Amino acid sequence: MRVLLRRPARSKALTRTTQRPKSAAVTEAARKLVSLKVSPWSERAKWALDHHGLAYEVVEHFPVVGERRLRQLVGPTKLTATVPVLLDGDEVLSESWDIALYADRVGRRTKLIPRDLEADIKRWTGVADEAMQAGRALVLAAMLATPGALDEGGPRSVPRWLRPMLRPIARRVMYAFARKYGLRLDATGEQVAAFRVGLDELRKGVGSAAGAPFLLGSFSYADIAMATLLQGVAPVADRFIRLGPGTRRAWTQEGLASEYGDLVAWRDAIYEKQRRAESA
Ligand SMILES: N[C@@H](CCC(=O)N[C@@H](CS)C(=O)NCC(=O)O)C(=O)O
């Protein structure tokens with residue numbers, strides 16, 4: 001069950017929190033995951049923690065607005081301050097890969113990154129990262145062109161009627177986000193081509209997978225990284241990641257979704273088999 005919790009006043013920029021299921025070992029207050037609901041990288045981290053049944057409190061990050069607080073969390077040495085960030089006592093993990101390793105270390109269920117497959121899994125994660133860099137620019141350009149997506153992006157506390165009036169601010173936030181990641185919003189052709197490289201790799205991998213539907217014989221973090229990449233082609237069903245209609249439209253690349261319908265179906269099958277629904 002999802003429970004909304006009130007944050008203390010000092011955490012203003014990171015306002016929305018949600019409690020994930022409890023484990024006997026850790027209280028929900030002990031482990032926090034700062035994340036961005038729509039982001040594939042955050043979904044990777046949540047999936048790894050959920051796979052091991054580890055309890056955590058979700059602290060929703062708001063891009064640009066939450067940048068200063070995020071920077072404080074990850075420290076001055078990290079080149080780009082990104083989410084997901086896992087906080088567990090003194091431990092601060094600011095890479096989704098490290099959070100998956102952490103989940104494997106603390107959790108007791110089947111490892112997502114078994115040592116003998118680590119190099120293969122790392123390679124798949126790299127493929128997903130490269131493709132999603134291009135995907136990020138495509139999604140951002142689509143969001144800028146989708147008023148509904150702009151309206152849905154802000155804090156829930158902003159009343160619905162007020163949101164259209166705040167679109168100029170939402171656009172400024174998006175442009176600031178594009179600058180942060182050096183995104184070109186006018187290079188659609190190149191970005192689609194770069195995204196396709198990752199999807200073609202996946203198609204080959206799925207085709208030759210001995211342990212279908214899993215890429216490496218049994219379920220691993222490689223499946224998580226590649227399944228979450230498909231979020232930038234056609235978002236997964238709302239029962240897994242609930243999105244507003246505008247946001248869903250902006251994240252859907254119609255052309256790629258029909259060209260790679262087989263991969264979307266592969267992703268859906270992995271979710272059905274391995275992912276706990278949000279409302280469960
Ligand atoms: N290498 C990082 C990449 C994470 C990443 O790119 N996160 C983006 C997701 S769009 C982010 O933090 N966006 C929010 C922001 O920059 O404020 C990881 O694997 O955790």
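Reader: Which residues does Arg248 touch, not counting residues up to four places away in sequence?

Author: Happy to start there. Two residues are in contact if their C-beta atoms, placed from the backbone, lie within 7 Å. By that test, Arg248 touches Pro235 and Leu243. Bear in mind that this is a predicted model: local features need pLDDT of at least 70, side-chain atom pairs count only at pLDDT 80 or more, and totals for chains, interfaces and linings use all residues. Residues are numbered from 1 along each chain as its sequence is written.

Reader: Is Arg248 buried, exposed or partly exposed?

Author: A residue is buried if 20 or more other C-beta atoms lie within 10 Å of its own, exposed if 12 or fewer, and partly exposed in between. Arg248 has 19 such neighbours, so it counts as partly exposed. Its C-alpha is 7.9 Å from that of Ala149, although the two are 99 residues apart in sequence.

Reader: And which residues have the most contacts inside the largest nonpolar core?

Author: In soluble globular proteins, nonpolar side chains tend to be buried together. Here a nonpolar core means a set of buried Ala, Val, Leu, Ile, Met, Phe, Trp, Tyr and Cys residues joined through C-beta atoms within 7 Å. The largest one has 67 residues, and Ala48, Tyr221 and Met226 have the most contacts inside it. Domain 1 (3-106) and domain 2 (115-274) both give residues to this core, so it lies between them; the domain bounds come from an automatic or database domain assignment.

Reader: What does Tyr221 touch, leaving out residues up to four places away in sequence?

Author: Its partners are Ala48, Ala100, Leu112, Ile113, Ile121 and Thr125.
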